[in-house]
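Ready for a short tour? Keep your viewer open and follow along, selecting each part as it comes up.

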Protein chains: 2
Amino acid sequence: MITRETDYAIRAMLYLAHHAGDGAISAATVAEAMDIPYRFLRRILSRLVGTNLLVSTRGKQGGLRLARDPEEVSLLDVVEAMDPEVITLNSCVLKSALCARSAYCAVHDELCRIQIYVNAELGAISLAKLVEHESGRNDDLPHTI
Amino acid sequence: MITRETDYAIRAMLYLAHHAGDGAISAATVAEAMDIPYRFLRRILSRLVGTNLLVSTRGKQGGLRLARDPEEVSLLDVVEAMDPEVITLNSCVLKSALCARSAYCAVHDELCRIQIYVNAELGAISLAKLVEHESGRNDDLPHTI
DNA sequence: ACTATATGATACTATACCCGTGTCATATAC
DNA sequence: GTATATGACACGGGTATAGTATCATATAGT
Ligand code: FES
Ligand code: FES
């Protein structure tokens, strides 16, 4: 399950992708626009800077901007930047050493197969694609599975 | 992420599927065979009985057995029996009301799409398939079920 | 009937994680 | 110099996880 922290990170990245080219944007602006607690967002942005997804400028007129083009940043990049374990189906899928059974467990192969698909899908969704889709969304679709 | 509890539930179901037709099997036997803490397993089995995946018999010669044929029980059945939220990508995917943004969030559609795929895959993996897969690979391994 | 064996139903605990908040330091534009 | 911005940590309440402990109840075999 994606945590609130990772969800906020995605929102923030989306906002900055939407305003790519507008120069540096402050954390306060992002927090206000995307309904994210300011202090919490500060720590999240700090991590995104640390993982080279964002670049920051301090002082007046400072703020955050994307380190790469929106086309070159995927959802997987953001999720992994925040927490490499957050979206894994089972802990042994990430580190098979965690479970002595992983060498012969029949479930393991299946979970790994699904995990690879999920990661590939998340890796194929760029911020640019998401920003583009924001305008032309189909509201007739159900928003729950 | 699948919890330890759900992982144990799957193991237990696999063991019982492998021994389907052998009559009732005690929790102690399953715990020993599948490396699961006995007390913890007791509570898990209790839940699997409550969700009609297992049937139990009390007293001497009692124990657990599958309520349905191994072909008719999927990994999704077991996972959902233990915790309906455990394998969801994001909370808003399960309950869109949890997030005010779900009505217009571009990420939401993508996550729902992936979630539907994952659920379908888990729903397509039966205990029978897993047992068959495992016995084909591990006939002479020490911890085979 | 008695007993050993099995599940049923709770209550309890200890640790870790999640979701924030608070404080202070530091860099920069004007 | 000051207002504005990020950087680096420390702290805390609430909840979930992973077990444990206890007692009640049902049944097979003697
Ligand atoms: S060891 Fe990974 S799922 Fe069984
Ligand atoms: S509201 Fe569900 S992912 Fe954004």
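Before we start, one definition: helices here are DSSP runs of H or I with at least four residues, and strands are runs of E with at least two, numbered from the N terminus. Please also keep in mind that this is a predicted model.

**Stop 1: the two protein chains**

Select chains A and B. A turn of 180 degrees, with a shift of 0.0 Å along the axis, lays chain B on chain A with an RMSD of 0.0 Å. That is the relation of a two-fold axis. The two copies use the same surface, as 74% of the contact residues of chain B recur in chain A. To find the axis, click on M1(B): within chain B, its C-alpha comes closest to the axis, at 3.0 Å.

**Stop 2: a helix of chain B**

Now select α1 (4-18) of chain B. Why does its length fit a helix? At 1.5 Å a residue, its 15 residues should span 21 Å, and the end C-alpha atoms of α1(B) are indeed 21 Å apart. Is α1(B) enclosed or open? Because 12 of its 15 residues are buried, α1(B) is largely enclosed by the rest of the structure. Among the buried ones are Y8(B), I10(B), L14(B) and L16(B).

**Stop 3: DNA strand C**

Show DNA strand C and the 27 residues that surround it. The closest are R4(A), R43(A), A27(B), R42(B) and S56(B). Zoom in on R43(A), where a polar side-chain atom lies 2.7 Å from a base oxygen of the strand. At K60(A), a polar backbone atom is 3.3 Å from a base oxygen of DNA strand C. Which helix gives the largest share of the surface near DNA strand C? It is α3(B), with five residues. By class, this surface near DNA strand C has seven nonpolar, 10 polar and 10 charged residues.

**Stop 4: DNA strand D**

Switch to DNA strand D, which has 26 residues around it. A27(A), R42(A), S56(A), R39(B) and R43(B) come nearest. Start with S56(A): a polar atom of its side chain lies 2.7 Å from a phosphate oxygen of DNA strand D. Then move to R58(B), where a side-chain N or O atom is 3.1 Å from a base oxygen of DNA strand D. Here α3(A) gives the most to the surface, with five residues. Finally, colour the atoms of DNA strand D within 4 Å of the protein: 60% belong to sugar or phosphate, and the rest to bases.

Terms used. Residues numbered from 1 in each chain as written. Chains lettered and ligands numbered in written order. Predicted model: local features only at pLDDT ≥ 70, side-chain atom pairs only at ≥ 80, totals over all residues. Heavy atoms only, no water. Least-squares fit on C-alpha atoms with pLDDT ≥ 70 in both. Contact = heavy atoms within 4.5 Å. Near = heavy atom within 4 Å. Polar contact = N/O pair within 3.5 Å; in protein donor to acceptor, adjacent residues only side chain to side chain. Expected span 1.5 Å × (residues − 1). Buried < 20%, exposed > 50% of the residue type's maximum accessible area, 1.4 Å probe, protein only. Nonpolar A, V, L, I, M, F, W, Y, C, P; charged D, E, K, R; others polar.
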